[in-house]
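Good morning, colleagues. Please bring the sequence and the structure up on the screen, and I shall then go through them part by part.

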Amino acid sequence: MTELKRTPLYDAHVELGAKMVDFGGWEMPVQYSGIVKEHHAVRNAAGLFDVSHMGEFVIKGPDALKAIQYLLTADFSHQQVGQCMYAMMCYPSGGVVDDLIVYKTGDDEYMLVVNAGNIEKDWAWIQDHIKDFNVEVKDISDRTGEVALQGPKALEVLQQLTDVNLDGIKPYWFTRGDVAGKPCLISRTGYTGEDGFEVYCDAGDTRLIWDRILEAGKGIVEPAGLGARDSLRFEAKMPLYGHELDENITPLEALLGKFVALDKEEDFIGKAALLKQKQEGVPRKVRGLEMIGRGIARAGYPVKKDGQVIGHITSGMPAPTVGKNLGMALIKSEFAEIGTEVDVEIRGKDVKAVIIKPPFLQKGAK
Amino acid sequence: MSFPNELKYSKDHEWVRVEGNKAVIGITSHAAEALGDVVFVELPEVDDSVTAGEAFGSVESVKAVSDVFSPVSGTVVAVNEALLDSPELINSDPYGEGWMIEVEMEDASQLEELLSASDYEAFLKEE
């Protein structure tokens, strides 16, 4: 067995009594007090997540913009310093290498935040495809810590620890400033459907920042694990790589077309395939499902219409805030109309479900 | 975590309370804790037959689904319908209100395969 990697907060999780699991090669907390309680804490007050396992790459140099325009699906030509943009990195087939967030940290400098389980694959892919560009790429994942404070009370708690006017940071923007006396990058981003912040710091400062946030938020902030992170992002219908996106699912099938700038001037990897798919129509679509019969849809379960398999569940669970058994499914387009009744095969038994309009949670994240 | 002495335990983490030729079955506090908050329970119906070592139902948390195996063979004579609306009883009272089914046993000698409380506890330490 290969050794699991640990974040700078491993000891903190153990001290808090977290249940630790293997997540993409990382030993991470799946829950502390319980997924449902942590989920509600984030929706109603605030939750603190260790996301130090995420990968961070810096791309720097005169061709930095050209390089990300070629590697990624979004159009970064109008991105300003201090702004974040979500995008996908595609294969020539249109399938997805990874989904990520791009921080414009300087005129010719970007930070890419990638999924933990994809760090090595992404790194190799980027190395292979930037040879013609005058840029320097650095993997700063190991020396970067990251925590996410999410929920309606996130701002008031974090504000106690910084002089930065947090309310002045617009959604999907960031700034640099001290948190608990340590230099950080603070972005108004997250993966929960709630208002909140992600704080990037030096790996060695992560524990101090984590502890100080929990102290400042005593009685308000709950430490929250990967279980709640998954149920929160699911209700907000945010995709998870390996579920709603992977090398065989295109961004258009995942209904993330607004992050694919087919009209940008530059060529990008996957553009031709995606353009063709857009013209011909996508063969499959990611859809929301609500169970009508008694049962919970889980990733991988077949979705059927009149006994014939028409797709599969990509994520599914009893949604804690919505209070329903919901799923996301990748379904053949001809069966994907809202309101279509389908069956989900749950351990050999067909259980009725209906295709519904996403997102599941009608609540505005800022 | 507690393991009442009067119960018998399976290596699949079910418990059995023997009452004459009947067996009341549930999952252990260890299983309940490992699963987390139980939010959904699937049970058989009265008169269904169950087979030792085979799944008769499932318990699910937000994150995971886990089959529940019958430690004995027989016919279901009662199911705990309270769990359908209050699955959290499995976490709060796994050996009491969190019971799952009652089975009329076909072959009481199957009970000999099961573990005592202290053997089960030792088994958990090894696992």
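In which sense do strand β2 and strand β3 of chain B pair, and over how many bridges? The two strands, residues 14-19 and residues 22-27, are antiparallel and share six bridges. Within this pairing, Val16(B) has Ile25(B) of β3(B) as its bridge partner. Before I continue, please bear in mind that we are looking at a predicted model.

The pair belongs to a wider arrangement in chain B. Six strands make up an open sheet there, and their order is β1-β2-β3-β9-β8-β5, with antiparallel pairing. At its edges lie β1 (8-9) and β5 (49-50) of chain B, each of which pairs on one side only.

I turn now to the interface of the two chains. On the side of chain B, 18 residues are in contact with 21 residues of chain A. As general background, interface size is often quoted as the accessible area lost when the parts come together. Between chain B and chain A, the buried area is about 1,400 Å², and carbon and sulfur atoms give 50% of it. Which residues of chain B lose the most area to chain A? They are Phe40(B), Val62(B) and Lys63(B), which together account for 45% of what that side buries.

As for polar interactions, the rule finds five salt bridges across the interface of chain B and chain A. One of the salt bridges is formed by Asp67(B) with Arg347(A), where the closest N and O atoms are 3.9 Å apart. For this pair the cut-off deserves mention: a salt bridge requires the nitrogen to lie within 4 Å of a carboxyl oxygen. Nine residue pairs are found in polar contact across the interface, both residues being at pLDDT 80 or more. The side of chain B that touches chain A draws at least two residues from each of α1 (29-35), β4 (40-42), β6 (55-60) and β7 (65-69) of chain B. By class, the residues of that side are nine nonpolar, three polar and six charged.

Let us move to chain A, starting with a helix. Why is helix α7 of chain A, residues 226-235, described as largely enclosed by the rest of the structure? The reason is that ten of its ten residues are buried. Among them are residues with charged side chains, including Arg229(A), Asp230(A), Arg233(A) and Glu235(A). The buried residues of α7(A) pack against the strands β1 (19-23), β2 (26-31), β3 (46-50), β16 (308-319) and β17 (324-332) of chain A, as well as against α2 (35-44). After α7(A) comes Lys237(A), with a positive phi near 55°.

Two of those packing partners, β16(A) and β17(A), also pair with each other, in the antiparallel sense and over eight bridges. In this pairing Gly316(A) stands opposite Gly327(A) of β17(A). The two strands form a hairpin with four residues between them, and in the turn Gly323(A) has a positive phi of about 75°. β17(A) is also joined to strand β14 of chain A, residues 284-291, by seven bridges, and these two run antiparallel. There, Gly288(A) is opposite Met328(A) of β17(A).

A second helix of chain A is α3, residues 64-71, in which Ala64(A), Ala67(A), Ile68(A), Gln69(A) and Leu71(A) are buried. These residues pack against β4 (55-60), β5 (84-90), β6 (96-106), β7 (109-114) and α4 of chain A.

Of these elements, β6(A) is mostly covered, with eleven of its eleven residues buried. β6(A) runs antiparallel to β5(A), and seven bridges join them. Met88(A) is opposite Asp99(A) of β6(A). The hairpin of β5(A) and β6(A) has five residues between its strands, and Gly94(A) in this hairpin takes a positive phi near 95°. β6(A) also pairs with β7(A), antiparallel and over five bridges, and this hairpin has two residues between its strands. Here the bridge partner of Lys104(A) is Tyr110(A) in β7(A).

Finally, is Asp132(A) buried or exposed? Asp132(A) lies in the loop between α4 (119-129) and β8 (136-139) of chain A. With a relative accessible area of 74%, Asp132(A) is exposed. Its C-alpha atom is 9.4 Å from that of Asp63(A), although the two are 69 residues apart along the chain.

Thank you for your attention.

Methods
Residues numbered from 1 in each chain as written. Chains lettered and ligands numbered in written order. Predicted model: local features only at pLDDT ≥ 70, side-chain atom pairs only at ≥ 80, totals over all residues. Heavy atoms only, no water. Pairing = 2+ DSSP bridges. Contact = heavy atoms within 4.5 Å. Buried area = accessible area lost by both parts, 1.4 Å probe. Salt bridge = Lys/Arg side-chain N within 4 Å of Asp/Glu carboxyl O. Polar contact = N/O pair within 3.5 Å; in protein donor to acceptor, adjacent residues only side chain to side chain. Buried < 20%, exposed > 50% of the residue type's maximum accessible area, 1.4 Å probe, protein only.
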